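Here are my notes for a colleague who is opening this structure for the first time. They are set out as numbered points, to be read alongside the sequence and the model.

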Amino acid sequence: MGAGLSRPIPVQRGIRQGCPISGQLYSLAIEPLLCRLRSQLSGLSLPASCGLERPPTLSAYADNVSIFVSSQRDVQCLQDTLSLYKRASSARVNWAKSSALHLGGWREQVVPSLPGGLQWEKEGLKVFFLGTENFKAKHWEGVKEKV
């Protein structure tokens, strides 16, 4: 059987956000991307005393994915994988809603450049409140007034 494109498949139905099966279908659709990234990226460098078999490469919860890179090669691999996934699924990254946290030293002397105009943050990230105490406190500024 030869490889190639199939005939077009007309989309006649969809699933609304909030439909009970939408989460499971999303998980099935994104898992090939996550598997490829897990196998290709070198991941977060941790001390050997952590006892991990492999360094962590990503963390995924619903549609939030955190990816750990430690070199320009990892960033390039990420870009190539996202490009392949976009061609296969029509899904794309919203770089405007993405952020990057610079932690520790790098295997290379130069900090990797990032795609999509993304810039390295040095203080922290809002997703998991990784960062300094000052960064965490900033998140709650004005919340009381808004409520």
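**Notes on the fold, the helix pair and the cores**

1. The secondary structure of the protein amounts to four helices and six strands, and it should be kept in mind throughout that this is a predicted model. Followed along the sequence, these elements take the order α-β-β-α-β-β-β-β-α-α.

2. Two values describe the protein as a whole. Of its 147 residues, 20% are buried, and among contacts between residues at least 6 apart in sequence, 43% join residues that are at least 24 apart.

3. How do the axes of helix 1 and helix 2 cross? Helix 1, which covers residues 22-40, and helix 2, which covers residues 72-89, have axes that come within 10 Å and cross at roughly 155 degrees. Because an angle over 145 degrees counts as roughly antiparallel, helix 1 is described as roughly antiparallel to helix 2. The crossing of helix 1 and helix 2 is right-handed.

4. The contact between these two helices can be followed residue by residue. From helix 1 come Ala29, Ile30, Leu33, Arg36, Leu37 and Gln40, and these meet Arg73, Cys77, Leu78, Thr81, Leu82, Leu84 and Tyr85 of helix 2. By character, the residues of the contact of helix 1 with helix 2 are nine nonpolar, two polar and two charged.

5. Which residues form the largest nonpolar core? This core has ten residues, namely Ile30, Leu33, Leu34, Leu37, Leu41, Leu58, Cys77, Leu78, Leu82 and Tyr85, with at least two residues supplied by each of helix 1 and helix 2. As general background, nonpolar side chains in soluble globular proteins tend to be buried together.

6. Leu37 deserves a separate look, since it appears in the helix contact and also in the largest nonpolar core. When residues up to four places away in sequence are not counted, Leu37 touches Thr57, Leu58, Ile67, Leu78 and Thr81. There is also a second, separate core of five residues, among them Val69, Val75, Ala100 and Leu114.

7. The last point concerns the backbone at Ser90, a residue in the loop between helix 2 and strand 3, the latter being residues 100-101. Ser90 is not a glycine, yet its phi is positive, at about 70 degrees. Is Ser90 buried or exposed? Its relative accessible area is 64%, and because a value over 50% counts as exposed, Ser90 is classed as exposed.

Terms used
Residues numbered from 1 in each chain as written. Predicted model: local features only at pLDDT ≥ 70, side-chain atom pairs only at ≥ 80, totals over all residues. Heavy atoms only, no water. Axes fitted to C-alpha atoms, helices over the stretch in contact; angles between N-to-C directions. Parallel < 35°, antiparallel > 145°, perpendicular 65-115°, else oblique. Left-handed = near helix turned anticlockwise from the far one by under 90°. Contact = heavy atoms within 4.5 Å. Nonpolar A, V, L, I, M, F, W, Y, C, P; charged D, E, K, R; others polar. Core = buried A, V, L, I, M, F, W, Y, C linked by side-chain atoms within 4.5 Å. Buried < 20%, exposed > 50% of the residue type's maximum accessible area, 1.4 Å probe, protein only.
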